[in-house]
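Let's take a walk through this model, starting with its sheet and then moving on to its cores.

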Amino acid sequence: MDNHQNEKYSVFQQVLLFLAAYSSAFMGNTQLLAAIVNFKGFVGVIDSVSAKKQPNATKPQTKMKAAARKSVVSQLEAACLLGLEWAKSQKNEQLIKDFTINNTSFTGKINAMLILANYTYGVLNTNKTALIAATTITAAQLTSISTEIALLQTLQKAPAAARTSQKTVTALYIPAFLDATAGKETLINLIKGAYKIGPNANLQLVTDLENALIFSGNVHHTILKATFYKFGTTQAIEGATVTITELLRVGVSTILGIGQIAEFMPGTYHIAFSAPGYVTQTQIKAIAAGEKVNIVVEMASV
């Protein structure tokens with residue numbers, strides 16, 4: 001995912017948490033429940049695409065390759081030391097030459113190293129019956145050498161293949177994000193339509209939805225935040241509301257006395273501050289795009 005997709009995905013996850021928190025409130029709303037199932041499915045598609053992506057981890061892969069190379073060399077060297085003494089006893093000059101190797105024989109570029117490793121393993125494997133009978137070399141040891149060589153060859157080929165695979169998988173994100181974004185918009189409409197006004201009105205639920213839609217990373221949003229205190233004290237007021245009158249946007253304060261509204265068009269607005277048992281206040285504020293406005297509101301009792 002690119003940065004923009006990461007931001008969207010973070011919001012999708014926040015929406016999923018919101019839906020889980022209010023699952024009991026949505027019981028019986030069949031239209032909304034169906035939309036929730038669809039949205040979860042769309043996010044699941046994104047997750048399945050991500051599962052196909054290979055991590056961009058050059059350093060770990062390099063470490064794996066180095067470890068595999070070291071293992072191949074050390075195992076071949078040990079087997080050839082034993083094979084060499086057997087070859088001497090057989091007075092086989094070619095085998096003596098083939099088994100006369102050490103770790104310096106495998107220095108240089110990895111492709112040349114792999115050629116020598118495969119050749120040496122082939123000699124060992126061709127003579128394995130005699131070697132196993134006459135030395136302490138085992139069939140498991142030869143299998144281990146073969147496995148390590150195969151792993152090293154795979155790691156050597158992996159980078160180019162991975163890059164091609166990554167490009168193919170990246171393209172799958174586009175339709176997945178389009179579906180998830182459309183699903184999110186459907187949820188927003190259904191939740192606001194059902195819970196913003198009417199018999200099932202739930203102002204806190206709608207406010208929590210608005211907060212879930214805010215990307216919590218380092219992104220510039222237009223934000224209005226109000227912190228409510230009882231007049232002359234630092235005692236926070238929970239359940240107070242900050243309202244942008246012209247936009248009908250409302251934020252409800254938390255236990256810390258903080259209520260906020262985010263992601264709205266810049267402009268000059270009437271801002272109302274109210275709480276049960278306190279005198280309502282109104283201010284006029286000009287808010288620029290991307291500006292974060294923090295207002296401390298001291299509320300006097302009625």
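Two strands count as paired if DSSP finds at least two bridges between them, and helices (H or I, at least four residues) and strands (E, at least two) are DSSP runs, numbered from the N terminus. This is a predicted model, where local features need pLDDT of at least 70, side-chain atom pairs count only at pLDDT 80 or more, and totals for chains, interfaces and linings use all residues. Residues are numbered from 1 along each chain as its sequence is written, and side-chain values use heavy atoms, leaving out hydrogens and water.

Here are the strands of the sheet:

| Strand | Residues |
|---|---|
| S2 | 241-244 |
| S3 | 249-252 |
| S5 | 267-274 |
| S6 | 281-287 |

The sheet is open, with its four strands in the order S3-S2-S5-S6 and antiparallel pairing. S3 and S6 sit at the edges with a single partner strand each, so one side of each has no neighbour in the sheet. Seven bridges join S5 and S6, and Thr268 stands opposite Ala286 in S6. Helix H8 packs on the sheet, touching S2 and S3 (contact means heavy atoms within 4.5 Å).

Now for the cores. A nonpolar core is a set of buried (under 20% relative accessible area, 1.4 Å probe, protein chains only) Ala, Val, Leu, Ile, Met, Phe, Trp, Tyr and Cys residues joined through side-chain atoms within 4.5 Å. The largest one has 30 residues, with Phe18, Leu19, Phe26 and Ile191 making the most contacts inside it. Helices H1, H2, H7 and H8 each supply at least two of its residues, and H7 gives the largest share, nine residues. Apart from this core lies another of 28 residues, including Trp86 and Phe99.

Conventions
Buried < 20%, exposed > 50% of the residue type's maximum accessible area, 1.4 Å probe, protein only. Axes fitted to C-alpha atoms, helices over the stretch in contact; angles between N-to-C directions.
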